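Please open the structure in your viewer and keep the selection panel at hand. The tour goes from one stop to the next, with a selection to make at each.

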Amino acid sequence: MLNFTTAGESHGKCLVVIVTGFPAGVHLDESDINADLKRRQGGYGRGGRMQIESDKVCILSGTRKNITIGSPICLQIENKDYKIDILPDVTRPRPGHADLPGIIKFGNRDARNILERASARETAARVAAGALTKILLAKFDINVLGYVKSIGGVNSKKTIKNPDEIFRNRNKSKVYCLDKLAESKMIEKIKKARKEGDSLGGVIEIVAFGVPPGLGSHAQWNLRLDGILAGALMSIQGIKGVEIGLGFDFSKKFGSQVHDEIFYCEDKGSFGRVTNNAGGIEGGITNGEVVIARAAMKPIPTLMKPLRSVDIITKKPESASTERSDVCAVPAVSVVGESVMAFEIARCFMEKFGGDSIGEVTRNYEGYLGQIRVI
Ligand code: EPS
C-alpha cells in the first residue's frame, strides 16, 4: 500500500520522508518537488525562518537514473537553521500549542522537546511526499489544487471552475487566493496583526479534478474517502475544522435543496450532476465530480504579545514564551492541504488500480474505465 512516514525536528539536521508502495517506472524530477516546497515557504505573513531556509529535496533512494524502481523512496530536506542542541529550554507553554499537553504526556520539563517535532516545519516533508503523488496522479489526468478562501474573516468571493485558471490566479497571488480584491484586504489584515504582535488563521479549499468515480468505499468505516480526507487534513498543524462539499451548510437546508440531481450524458457515456454540493463524494465513494474539501486553520499560538501562562518549573504566573514565528501561515497551509489530499487520493487510487509498475497501474485503470463506460 502507498504510505509515508516523516521524521525530523524543526531545528534538527534535516527532515526526511519515506514513501513506500510507489510504483516503478515513474520519472521523478527534483525540480517538480522543489516547486511545491518553495510555494510552501512563501505566502504573505511568513516569519524570519523562511528567509533562512531555501527548502530543496534530495532523493536519497528509490530511483535509478531518475526513474522509480518500486523500492522505498527516501526524500531529505536539509535545515539550514540547524541548532537544536544549543537552543534554550522553553518552560512557559503557549496556549494553543502542543507545549503543555506534550510535556505532561512525556513527563519532562522542557517544552523544547515537544515543540521541535510539533512544529509545522514537519509539513515540508509532507509536501515533498504529496508532490511525488501529484506526479503520479498527473499521469491519469488528476489534478489537485489548494488555495486560500479566507484569512482572519476576510473572504474570497471568487469561484473558478477551470483548473488552469485556478492555477494561474492562485500563483499570481501573494496569499494564494483567487480573488484580487480579497487579497489586498487579507494583506492589510495580516499587516495589522503583525503590528499588534498578533496572529491570524483562515480557511483553505482544495479541489481535485479528474478523479474517477469509485475511489474509497462504503463497505467499511475506515475506507470512506471523506473520513480519510478529513483525518488527513485535520492532522495538519493548526487545523481545527474540515468540511467536504457544502459541509456545515448542509445542516441549514431541506434535502430537496442540496442533493445533486443525476443525469445521463449520452455523448460522454457517463452519469453527471447538475450541482456538486456533495463535494464529489457520496457514501464515502467518489462519484466522478470534482472532489472539494475545506479546512480551517487557527491563528498560530506563538504571539509576540503573549497570553497568560504559568512557568512549569516555578508554577508562578508568567507570559507565554515568544519565539520567532509566522504571523499567518494560511497560504502555506493551502500547499500542505493540497499535498495531503493528493497523497490520500493517490493512496485510494493505488488501492483500487495498484500494481508494481506504472504500466500495470495504467492497464488496470484503463480496464476499469472501459468497465464503467458500459454500465
Ligand atoms: C515553519 C518553521 C518554523 C515556524 C513555523 C513553520 O520555524 P521557526 O520555529 O524556526 O521560526 O516558522 O512553525 C510554527 C508555526 C510552529 O508552531 O512551530 C515552517 O517551516 O513551516
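At what angle do helix 5 and helix 10 pack, and how far apart are their axes? Bear in mind that this is a predicted model, and select residues 123-138 for helix 5 together with residues 330-353 for helix 10. The two helices pack at an angle of about 50 degrees, and their axes are 8 Å apart. That angle makes helix 5 oblique to helix 10, and the crossing in which helix 5 passes helix 10 is left-handed.

Next, select the ligand and the residues around it, which are His11, Arg40, Arg46, Arg49, Met50, His97, Ser119, Ala120, Arg121, Ile300, Arg324 and Asp326. Colouring this shell by residue type should show 3 nonpolar, 3 polar and 6 charged residues.

Now display the side chains of three members of the shell and look at their N or O atoms. In histidine 11, such an atom is 2.6 Å from an oxygen atom of the ligand; for serine 119 the corresponding distance to a ligand oxygen is 3.2 Å, and for aspartate 326 it is 3.4 Å. Finally, show the surface of the ligand: taken alone, the ligand exposes 460 Å², of which the protein buries 92%.

Definitions and conventions. Residues numbered from 1 in each chain as written. Predicted model: local features only at pLDDT ≥ 70, side-chain atom pairs only at ≥ 80, totals over all residues. Heavy atoms only, no water. Near = heavy atom within 4 Å. Polar contact = N/O pair within 3.5 Å; in protein donor to acceptor, adjacent residues only side chain to side chain. Areas by Shrake-Rupley, 256 points an atom, 1.4 Å probe, with all protein chains shown as cover. Nonpolar A, V, L, I, M, F, W, Y, C, P; charged D, E, K, R; others polar. Axes fitted to C-alpha atoms, helices over the stretch in contact; angles between N-to-C directions. Helix = DSSP H or I, 4+ residues; strand = E, 2+ residues; numbered from the N terminus. Parallel < 35°, antiparallel > 145°, perpendicular 65-115°, else oblique. Left-handed = near helix turned anticlockwise from the far one by under 90°.
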